[in-house]
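Let's take a walk through this model together, one neighbourhood at a time. Keep the viewer open as you read.

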Amino acid sequence: MKLSFAVFAAAAFTASAAIAGGDHALHQEGAVMSSADSGKAADFDILAAHAHRDGNTVTFHMTTAGTAGASVPAAGGTVGGADVWSYVWPTSLDPSAVGFEGGAGILALAATSHPDFDDTPLYDENGDGDPANDGVEWHSHWVVLTPTEACGPGALSVRDIAEGTAPKLPATWPGFPVFLDSPGFTPLFDGPEIKVNAGFASDVQLDGVAYDGVTSALRVNANIHAPLLCVTNVFDVASGDLSLPGTLQ
């Protein structure tokens, strides 16, 4: 899987732009910091990941070495085998915090782009009056991740909903047979920075929640069958080891 080479040319400029600002993840006390790596695509090379709260709203943000969101997957023409690129914040929150069945796996917030399908049926991200053609536009999901050997040794997938089962799901579940929610939080971009503001119910305990930052690629199973959505490539992990060292304040 290849990322656009053009993003490397802008790396030096966007990195300096990040330093000039003061509200990016890179400048926040307690951020999970990561060294730049010229061997990685700049817009997926994490420099810092951070999350902070204001009441029941949590701001998840990430600073990259390039222009965040600059690259999107190439369209393949079919849902089976479709590529998904993502900025992800894994958390220690139980999936029940956003309406999933409790204890189902690792709850993560993700911003994704995938031109071959649309999984946000309630929203019209590109504003053209058709809510079913927006997959390439960066949009948000809650996902529940679980280790899945069928995706490869040590690989993760978005947890499948087994046939014949009816787990608890959020009201904005888009109908795909996986633990995936489409809450409608809009990803915001500012040069090297991506930010997503996520709202929680008033009874969700947020103090001390642990988090990390990841950039990755996923792929829909060619047969559109379990496992439906595998993590196929991890571009970068802010902590280096997915230890969730960040703490929400």
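A good place to start is Phe179 and its surroundings, bearing in mind that this is a predicted model. Apart from residues within four places of it in sequence, Phe179 is in contact with Phe100, Glu101, Ala104, Trp142, Val143, Val144, Val158, Arg159, Asp160, Ile161 and Pro167. Phe179 sits in the loop between strand 7 and strand 8 (180-181). Is this residue, Phe179, buried or exposed? Its relative accessibility is 4%, and because the cut-off for buried is under 20%, Phe179 counts as buried. Among its contacts, Pro167 lies twelve residues from Phe179 in sequence, with a C-alpha to C-alpha distance of 9.0 Å.

Now for the largest pocket. Its space comes to about 470 Å³, and 34 residues line it. If you would like to centre your view there, pick Leu145, Val158, Ser216, Leu218 and Val231, which lie nearest the centre of the largest pocket. Val158 is a residue you have already met, as one of the contacts of Phe179. Which elements give two or more residues to the lining? They are strand 4 (83-90), strand 5 (106-113), strand 6, strand 7, strand 12 (214-220) and strand 13. Sorted by class, the lining of the largest pocket has 25 nonpolar residues, along with seven polar and two charged ones.

Strand 13 also leads us to the next stop. The structure holds one disulfide, formed by Cys151 and Cys230 with their sulfur atoms 1.9 Å apart. This pair links distant parts of the chain, 79 residues apart: Cys151 is in the loop between strand 6 (139-147) and strand 7 (156-158), while Cys230 belongs to strand 13 (residues 229-237). The torsion about the S-S bond of Cys151 and Cys230 is about -70°, and therefore the disulfide is left-handed. Cys230 has a relative accessible area of 10%, so Cys230 is buried.

Let's finish with a sheet. In general, strands of a sheet pair through backbone hydrogen bonds, either parallel or antiparallel. Here, an open sheet of five strands has antiparallel pairing, in the order 1-2-3-10-9. At its edges stand strand 1 (32-33) and strand 9 (188-190); each has a single partner strand, so one side of each is left without a neighbour in the sheet. Strand 9 runs antiparallel to strand 10 (residues 193-199), and three bridges join the two. To find this pairing in your viewer, look for Leu188, whose bridge partner in strand 10 is Lys195.

Methods
Residues are numbered from 1 along each chain as its sequence is written. This is a predicted model: local features need pLDDT of at least 70, side-chain atom pairs count only at pLDDT 80 or more; totals for chains, interfaces and linings use all residues. Side-chain values use heavy atoms; hydrogens and water are left out. A disulfide is a pair of cysteine sulfur atoms within 2.5 Å. Helices (H or I, at least four residues) and strands (E, at least two) are DSSP runs, numbered from the N terminus. Buried means under 20% relative accessible area, exposed over 50%, partly exposed in between (1.4 Å probe, protein chains only). Two strands pair if DSSP finds at least two bridges between them. On a 1 Å grid over the protein atoms alone, a cavity is a set of points where a 1.4 Å probe fits but cannot get out, and a pocket is an open set with protein on both sides within 12 Å along at least five of seven lines; lining residues have an atom within 4 Å of a point. Grid points are joined across faces, edges and corners, and a volume is the space filled by probe spheres set on the points. Ala, Val, Leu, Ile, Met, Phe, Trp, Tyr, Cys and Pro count as nonpolar, Asp, Glu, Lys and Arg as charged, and the others, Gly among them, as polar. Contact means heavy atoms within 4.5 Å.
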